[in-house]
Structures are given as structure tokens and as C-alpha cells.
Amino acid sequence: TMQSWWAPDLLPETQKALIASAGFGVWLPVHLALTRKLMEAIREVGFERPVLSAPYPDVVNCVLDKLGLAPTCGFGNVDEVVPKVHWLAAECLGAKLGTVRVFLVAHHALEPAVFAGNRAKAPPYLLKVEHRGQNVTAKVNADDLLFQPMPISSGRVTHSLTAASALRLIRALLGNDETILHAPGPNGLPGGYPIHAGQGCVGLALPADWSEDEAVSVNERSHQFDGILSVEADGTVNFADDRAGVLREALGYDCTRLPPADVEERATELVARFAEYARRHGVER
């Protein structure tokens, strides 16, 4: 990425809160630009092995798919939420973790709401819990478990969760057997899903009563909770004006529509304008 996601957290509290009110989606250009270059290079040389992406894969991989450049998968995000529900459900049932399975379709935008226990501001999602193959979603009150407050430290320390997610996915992809886990942006889809991974490939691993169209729709509708109105067929991204307006007023950066051709230029501008804003408020980067 051209700017780490935690950079705005270095600002004084007032400015930090202001920039946070824009949401995460407005930072898409800085996460998309380099991943696109990587995927263009990979296509040019004919590399045919799995490629995993870290920066904002719930949306980046979706945009790249419109350009024929989707990575194999992302990691983190939805996969950082599932263990919380898994552990709490097993505890509720008095069962071993290995006998409990969680299925969650959810967007990056859900994660902050989940760890803060803020159900009122949560995007849509699909959640199912099974115990030894039996549906126990209602029995364990799975929605309550999802939003049970379980605060985690903020900033770079959370990278340990993301690293664990990446390692598990890499091990699965290198194996000969299929492993069921969760990941964002598989094969260019928006948001996160249960997937199977093995022998260098990934695919959706949805319960029989969830259709792929339904799962994709949930995540497409969730984009707006990160401040993204839509991703067009050619990869152009439209941002909510109220979210884009935060950066317009604070940084002088005005972007409500992002065509693929403009990504690198807008990313460079956004990084420069944020750096200048940070300096004005006593943060040297």
C-alpha cells in the first residue's frame, strides 16, 4: 500500500476523529494502486501461482476483477471475526472447538462494529453456527455472540491477527487437501466468505441454504458502510459524497468518482495531501 491504514491514528484526537468519520473506503486509491501494478506485472510474465493480497481486499480485489486482474484471495478481515464467534459458541455449548463450525459472509465494514459491540451500525451479514453438522445458530444466539463486546487493541498490534490469518491460508493453499476457512475477496468477489482452499486454488464453501448470489449481494450492499456507493462494471468506484466531503474539507482532496485510469494519480495526491495535513497538526511521517 502507498499509506498504511493506521496512519490517521497518529493524528491528535480531534483530527483523528474527523478523518475517521470519512470511513475506510475513501482511502481505496492508496490500497489499490500498487496491488494493480503487481497484478499487471504478474499477468505480463504469465505467473500462474496463487497471489494473496493484504490491502483492503474486500474492495481492491473486486475492482481488480473488473479489470481481469483479480488476485487469488485476500486475507484477514472476515477471518479475524470468525474465531470470536467460534470460541464463544463452543463455550456456550460446552463443546470442543473442533466440533463447532461457523459460516460468516461479511464485509470489512463489519469488523469495527463487531469488536466494539455496536450492532446498530453494523452492515448486513450472513451467520450460521453448526455443532457436529447440526444447525445451532438459534440455540447459541449467534447474533448476540457476534456482537458480544470483546475489545482488541488498535493500530499495528492487530497485524498479529492478520499475520495468523495469512499463515493459515498459505498453509491451506500449499496442501493437497481442502481446508475450510474464511477469507476476503476470493477470486475477485466483494467482501468476505467461507472458502475452501487447497492445491493452490480457492472457492466458496457456503452452506447449502445460502446461494452465491445472496452472499455477493450482502457484501455489495455492505460497501456503503465503508463509504462506497458502487463499483461499476469497468471498475470505476463511486464514493458517498458525505464521506468524500470529509477529505474535501480537511485535506482539499476532492474525489467522489474514481475511474481505474486515475487511481495512481489520485493515490499520489491523497498521500501528499494527508502528509501535509498531518504536518500541520504536529505529526511528521
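Here are a few questions and answers about helices and strands in this predicted model.

User: How are H2 and H10 oriented to each other?

Analyst: Start with the axes: those of helix H2 (residues 28-45) and helix H10 (residues 263-280) come within 8 Å and cross at roughly 135°. Angles over 145 degrees would count as roughly antiparallel, and 65 to 115 as roughly perpendicular. The crossing angle fits neither range, so H2 and H10 are oblique.

User: Which residues of H2 make the contact with H10, and how many residues in that contact are charged?

Analyst: On the H10 side you'll find Val263, Glu264, Arg266, Ala267, Leu270 and Val271. On the H2 side, the contact is made by Pro29, Val30, Leu32, Ala33 and Lys37. Sorted by class, there are eight nonpolar residues, no polar ones, and the charged ones number three.

User: Is strand E3 largely enclosed or exposed?

Analyst: Let's look at burial, where buried means under 20% relative accessible area. In E3 (residues 100-105), five of the six residues are buried. That's why the strand counts as largely enclosed.

User: Which residue of E4 stands opposite Leu104?

Analyst: E3 is joined to strand E4 (residues 126-131) by six bridges, and the two run antiparallel. Across from Leu104, the E4 residue is Leu127.

User: What residue with a positive phi follows H3?

Analyst: First, the helix itself: eight of the ten residues of H3 (residues 57-66) are buried, so the rest of the structure largely encloses it. Among those buried are Pro57, Cys62 and Leu64. After H3 comes a residue with phi near 70°, and that is Gly68.

Methods: Residues numbered from 1 in each chain as written. Predicted model: local features only at pLDDT ≥ 70, side-chain atom pairs only at ≥ 80, totals over all residues. Heavy atoms only, no water. Axes fitted to C-alpha atoms, helices over the stretch in contact; angles between N-to-C directions. Helix = DSSP H or I, 4+ residues; strand = E, 2+ residues; numbered from the N terminus. Parallel < 35°, antiparallel > 145°, perpendicular 65-115°, else oblique. Contact = heavy atoms within 4.5 Å. Nonpolar A, V, L, I, M, F, W, Y, C, P; charged D, E, K, R; others polar. Buried < 20%, exposed > 50% of the residue type's maximum accessible area, 1.4 Å probe, protein only. Pairing = 2+ DSSP bridges.
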